[in-house]
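This report describes selected features of one protein chain for a reader who is new to structural analysis. Please keep the structure in view while reading.

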Amino acid sequence: MKRNINKAAVLGSGIMGSRIACHLANVGVQVLLLDIVPRELTEDEKVKGLTMDHPKVRNRIVSDSFITAVKSKPAPLYHKHAADLVKLGNFEDDMEKIAHCDWIIEVVVENLKIKKIVFDQVEEYRTPGTLITSNTSGIPIHLMLDGRSDDFQKHFCGTHFFNPPRYLKLMEVIPTPKTDPKIIDFFMSYGDRFLGKTTVLCKDTPAFIANRVGIYGIMKVLKTMQELDLTVDEVDKLTGPVIGRPKSATFRTSDVVGLDTLIKVANNLYEGLTEDEAREVFKIPEVVKKLEENNWLGDKTNQGFYKKTKDDQGKTRILTLDLKTMVYKPQAKAKFATLEGTKSIEKIKERYKVLLAGKDKAGDFYRHSFFGLFQYVSNRIPEIADELYRIDDAICAGFGWEVGAFETWDQVGVKSVLTQMEELGYRPNQWVYDMVEAGNQSFYKINHGTVQYYDLNSKSYQEIPGRGDLIILDNLRTNNTIWENTEATLFDLGDGVLNLEFHSKMNTMGSGVMEGINKAITLAEKDFQGLIIGNQGANFSAGANLGILFMYAIEQEYEEIDLMIRQFQNTVARARFSSIPVVVAPHGLTLGGGCELSMHGDRVQAAAETYIGLVEVGAGVIPGGGGTKELTLRVSDRMQAGDVEYNALQNTFMNIATAKVATSAHEAMDLDILRPQDLISVNKDRQIADAKRTVLALAEAGYTQPIPRNDIKVQGKGGMALFLAGITGMKMGKYISEHDAKIAEKLAYIMCGGDLSYATEVSEQYLLDLEREAFLSLTGERKTLERIQSILTTGKPLRN
């Protein structure tokens, strides 16, 4: 049976329910969001004369929850208009509407009795064959089958999202013994392809996979911290980005999620895991109990392991809790010799051996925490999963780890650390020894560009299911690289398609990347069908290399700056005017020059989570790589005449002048950065494969080489006069600085076509020349240098 999810019902509008509804709306699903009817009127409702029968009263709980969700940060919606797809109601008046839904997902309070009451109502109105799932994180899925019909049981399973659903990629799928296998196959595929999730098949065991392993990891850190007498600041330094974990590390994450949530899950695991060899690790330490008693639960109570305060000047200061004295103190910078030894190691996977070899307290911490984790995950197979890759997938997608537990073990050498693990009391499961003794030295290996995992049942390496159509650049590095330099690598993806990857720091666009783009286009034009410009790093590109620009500007090497701008403009233009289709695949941060390059592809295959914009004003300059020209061109294309034309130009001007960044690919379309013909990949893991299909479709449709435009309508002095009036007013009102005004005037000068007496059609090259002149002149300004220096030293622009 072919299934489509066009309409879904979300039962329960709390933090998870409302945000699951938002994410379903993100991908175009019509959502019915329901919750309970209030038991009494509020004082405001009494003043308004409303009764308990009034629809606004009856839907107050669901309405308030949804409004709160939509306004929350980070935004749960790709675009504000997605909210229109969510209809609100209540269990008493609107449950019958679930009969028209393709998927019903229960997200009510974690109480089995209440869930059964909801399921009784679902049974009354649900159309047979409709999918029904629970988002429970703590109640065994099979316990929800009691009293349910055969059809319900056949179409029922767990679908456990992680909060926030838009941003955390994990969706755990948990079948019961009665679930039709085809239903599980559907959710594994649907979650991946339509919701952008890493779908992980789990067994119906306590906390499933991610929370079981992730909470173990957190509790093990707490235990090791106390044994080694480490501070909160030290632990968060050791457990953050240096090992490929989120910046929030351990204790900041706890504050964000809520210490009460961590305690609840850990307590449930301690009570339920009577046979777990590491059960005592889940026991809540006394110091954590003290925080709970004090109601220091994190952000929700304004203090936890950290506390925000204001100093005498009104500046925000972060204080850290001293767990010995229970007194908040100024944050202390953590330093360890072991960490110093990793500063020159860019690739996270290559740091692990150095970290585990450390001779200081940090080395001891890593040995205990990593070896404990290795032992724990080895003992969880086959208890929580039959295949080891599912554990890595779950912990990475659910907790934001870049490298999973078994993959980390591979990096330090499975066999080489066994003796150390034994000496410290962390002997792994016997199957690991059997694997090594049979000559298998790793949990994963790459075979002809495909990742394989060690399968315990067959005692052989097997391909990971569902990944055959993914393109993972790291897996192609050995056999499919056809050209590379220190900042870029060119891959042959097969079928006549090349992919250029950046790997400079933050994927900034310096001379090596420029060389790579030109080389890639030259080779593609000669022997291939098309080119993708995309990478699988954390971000597509942070923009131009400001360090080089700053050096030239300080030395007043303006000819070098002029040459650099020309090279950048010419390279971006090659992407637009080559004889083969070029598809750019941005994701994550795509700023400045990265945005300009994206705007010049024949198509953009953007990840849904693309944060893209022209931010050059923050560095004291204007977009000089074709961005200003391109947005001026796009305004010209879509506008007619009169005031509307000026309004459109003004809106675009303000987006550049305020360095506005789209918070999703969908929002980028509103800003004209993406065009209607550009495409969006909800699952970033599929983005390069999607881009390859786009390249081939363009080639097969008979790609024709574009030619530069000469028909861009600009407004001349009439438009410039309006902009100058606005800029002067902003400056006089002290909304912008003198330097801001100077940048704005130069930006307006370009977008209005320079010193033209009236509205005129100009060429792309004409606008590019104006761009370059403006950019070059601004690099000679002292305040521009101050802004660039601030970005290079603090990561933030200076408002001068």
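A residue is called buried when its relative accessible area is under 20%, exposed when that area is over 50%, and partly exposed in between. The structure discussed here is a predicted model.

**Salt bridges**

Side chains of opposite charge can pair when their charged atoms come close. How many salt bridges does a search of the whole structure find? The search finds 57 salt bridges. Three of these pairs are set out below.

| Pair | Distance between the closest N and O atoms | Separation along the chain |
|---|---|---|
| D276 and R212 | 3.0 Å | 64 residues |
| R380 and E277 | 3.0 Å | 103 residues |
| D637 and R709 | 2.6 Å | 72 residues |

The pair formed by D276 and R212 links distant parts of the chain: D276 is in the loop between α12 (259-272) and α13 (286-293), while R212 belongs to helix α9 (residues 210-228). Both D276 and R212 are buried.

The salt bridge between R380 and E277 also joins distant parts of the chain, with R380 in the loop between α16 (361-379) and α17 (388-399) and E277 in the loop between α12 and α13. Here the two partners fall into separate accessibility classes. R380 has a relative accessible area of 3% and is therefore buried, whereas E277, with a relative accessible area of 43%, is partly exposed. Together, R212, D276, E277, R380 and E383 are linked in a network of salt bridges.

In the pair of D637 and R709, D637 is found in helix α26 (residues 627-638), and R709 is in the loop between α29 (687-700) and β25 (712-714). Is D637 buried or exposed, or does it fall in between? Its relative accessible area is 46%, so D637 counts as partly exposed. R709 is also classed as partly exposed, because its relative accessibility is 25%.

**Helix α30**

Helix α30 (residues 716-732) contains 17 residues. From its first C-alpha to its last it reaches 24 Å, close to the 24 Å expected at 1.5 Å a residue. Which residues of α30 are buried? They are G716, G719, M720, F723 and I727. These residues cover an arc of only 95° around the axis, and therefore lie on the same side of α30. On the other side of the helix, L722, A725 and M732 are exposed. Just after α30, K734 takes a positive phi of about 60°.

**Backbone features**

Most residues other than glycine have a negative phi, and most peptide bonds are trans. Several places in this model depart from that pattern. The phi of A249 is near 50°, a positive value in a residue other than glycine. A249 lies in the loop between α10 (232-238) and α11 (251-257), and its relative accessible area of 11% means that it is buried. M326 has a positive phi of about 60°, although it is not a glycine. This residue is placed in the loop between β10 (316-322) and β11 (327-330). M326 counts as buried because its relative accessibility is 17%.

Two cis peptide bonds may also be noted. The bond from N163 to P164 is cis, with omega near 0°, and P164 is in the loop between β6 (156-161) and β7 (170-175). The bond from I381 to P382 is cis as well, with omega near 10°. P382 is situated in the loop between α16 and α17.

**Pockets and cavities**

The second largest pocket holds about 1200 Å³ of space. Of the 43 residues that line this pocket, the closest to its centre are A542, G543, A544, N545 and L546. Elements that give two or more residues to the lining are α22 (511-527), α23 (546-554), α24 (558-577), α25 (593-599) and α33 (782-794). Helix α24 gives the most, with six residues. The lining of the pocket divides into 23 nonpolar, 15 polar and five charged residues.

There are two cavities of 30 Å³ or more. The second largest cavity contains about 50 Å³ of space. Its lining consists of L614, L631, N655, I656, K660, L671 and I673, which divide into five nonpolar, one polar and one charged residue.

Definitions and conventions:
Residues are numbered from 1 along each chain as its sequence is written. This is a predicted model: local features need pLDDT of at least 70, side-chain atom pairs count only at pLDDT 80 or more; totals for chains, interfaces and linings use all residues. Side-chain values use heavy atoms; hydrogens and water are left out. On a 1 Å grid over the protein atoms alone, a cavity is a set of points where a 1.4 Å probe fits but cannot get out, and a pocket is an open set with protein on both sides within 12 Å along at least five of seven lines; lining residues have an atom within 4 Å of a point. Grid points are joined across faces, edges and corners, and a volume is the space filled by probe spheres set on the points. Ala, Val, Leu, Ile, Met, Phe, Trp, Tyr, Cys and Pro count as nonpolar, Asp, Glu, Lys and Arg as charged, and the others, Gly among them, as polar. Helices (H or I, at least four residues) and strands (E, at least two) are DSSP runs, numbered from the N terminus. The expected span of a helix is 1.5 Å times one less than its number of residues. Buried means under 20% relative accessible area, exposed over 50%, partly exposed in between (1.4 Å probe, protein chains only). The arc is that of the directions from the helix axis to the C-beta atoms. A salt bridge is a side-chain nitrogen of Lys or Arg within 4 Å of a carboxyl oxygen of Asp or Glu.
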